[in-house]
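Biologist: Please take a close look at one part of this model, the largest nonpolar core, and tell me which residues make it up and which helices supply them. I would then like to hear how the rest of the picture can be read alongside it.

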Amino acid sequence: MSKSAWIMGGVMLLTLGAELASAQSQGATGGIYTCVDRNGRRLTADRPIPECLDREQRELSPSGITRRQIGPSLTELERAAQDAQNRKDAEERARVVEERRRERVLVARYPDKAAHDMERAAAIQMVDDVTATAEKRTLELKAERKKLDVEMEFYKKDPNKAPMTLRRKIAEIDDSLAEQQRFIAGQDQEKRRVHARFDTELAQLRKLWDAQRVPPSAASAVAAPAASAVPAGGSR
């Protein structure tokens with residue numbers, strides 16, 4: 001026998017030995033793989049099933065107990081899509097958790113409508129106080145303007161002959177009056193925003209208050225039919 005033939009024979013013996021060891025290992029573990037392919041057929045084998053690489057497979061023990069679930073083998077594009085979906089799901093879960101936290105804070109702050117009405121009234125009063133200050137300043141400016149109008153009477157026939165300082169004061173007061181009027185109009189809009197915010201909160205609070213008033217017995221009665229619909233063992 002030539003040297004090359006002897007080497008090839010040795011390689012074949014090693015390969016056969018490895019395959020035999022693998023087969024013995026599979027036989028010792030006794031793994032059973034099962035899945036339902038895309039055509040609805042249930043397949044069973046002693047190794048992962050090629051027809052179900054695109055779907056979930058289960059590895060069973062000889063007694064039929066699920067050892068593990070093997071997810072589908074995804075392409076790079078499918079994995080990217082799955083990762084994107086997982087991120088989206090995580091963001092949605094975080095959003096729900098944050099929303100529930102805000103609801104708890106809202107109910108703790110306003111346990112009833114009286115508490116909510118009181119804070120609404122306080123918020124509106126703050127706007128009214130600011131508006132009242134602006135209106136007071138408007139009256140003061142108008143009084144100053146009236147004094148300047150008296151001085152301008154001397155230059156009624158030709159206002160251009162009035163001193164520059166007098167005309168400048170009149171222009172400054174007119175600008176201030178216009179600014180105060182804009183500010184007061186802005187406070188009217190602010191009051192509408194405050195009422196809109198409290199109206200939105202109140203609508204949400206009514207639902208939360210109603211949910212709190214549901215007696216535990218009623219909640220159990222609602223949950224009971226759903227629980228009875230799940231078979232023993234927790235799976236269908």
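Modeller: In this predicted model, the largest nonpolar core has 12 residues in all, namely Leu106, Val107, Tyr110, Ala123, Ile124, Val127, Val194, Phe198, Leu202, Leu205, Leu208 and Trp209. At least two residues of this core come from each of three helices, H2 (76-109), H3 (113-152) and H4 (164-213), and the greatest contribution is that of H4, which gives six residues. Apart from this core lies another one, of eight residues, including Leu141, Leu148, Leu166 and Leu177. As a general background, nonpolar side chains in soluble globular proteins tend to be buried together.

Within the first of these cores, Val107 can be followed in some detail: once residues up to four places away in sequence are set aside, Val107 touches Leu205, Leu208 and Gln212, and of these Leu205 and Leu208 are themselves listed among the core residues. Leu208 also appears among the contacts of Glu103, a residue of helix H2, which is in contact with Gln204 and Leu208 when its neighbours within four places in sequence are left aside. Glu103 counts as buried because its relative accessibility is 17%, the cut-off for burial being under 20%.

Turning from the helices to the strands, one finds an open sheet of four strands in the order E2-E1-E3-E4, with antiparallel pairing. Strands E2 and E4 (66-70) stand at the edges, and because each has a single partner strand, one side of each is left without a neighbour in the sheet. On average, and with direction ignored, neighbouring strands of this sheet are turned by 20° against each other.

Strand E1 (residues 32-36) is joined to strand E3 (residues 57-60) by three bridges, the two strands running antiparallel, and here Thr34 stands opposite Arg58 of E3. E1 also pairs with strand E2 (residues 42-45), again in the antiparallel sense, over four bridges; in this pairing Tyr33 has Ala45 of E2 as its bridge partner, while Cys35 has Leu43 of E2. E1 and E2 together form a hairpin with five residues between them, and in the turn Gly40 has a positive phi of about 85°.

Note on methods
Residues are numbered from 1 along each chain as its sequence is written. This is a predicted model: local features need pLDDT of at least 70, side-chain atom pairs count only at pLDDT 80 or more; totals for chains, interfaces and linings use all residues. Side-chain values use heavy atoms; hydrogens and water are left out. Two strands pair if DSSP finds at least two bridges between them. Axes are lines fitted to C-alpha atoms, for helices over the stretch in contact, and angles run from 0 to 180 degrees between N-to-C directions. A nonpolar core is a set of buried Ala, Val, Leu, Ile, Met, Phe, Trp, Tyr and Cys residues joined through side-chain atoms within 4.5 Å. Buried means under 20% relative accessible area, exposed over 50%, partly exposed in between (1.4 Å probe, protein chains only). Contact means heavy atoms within 4.5 Å.
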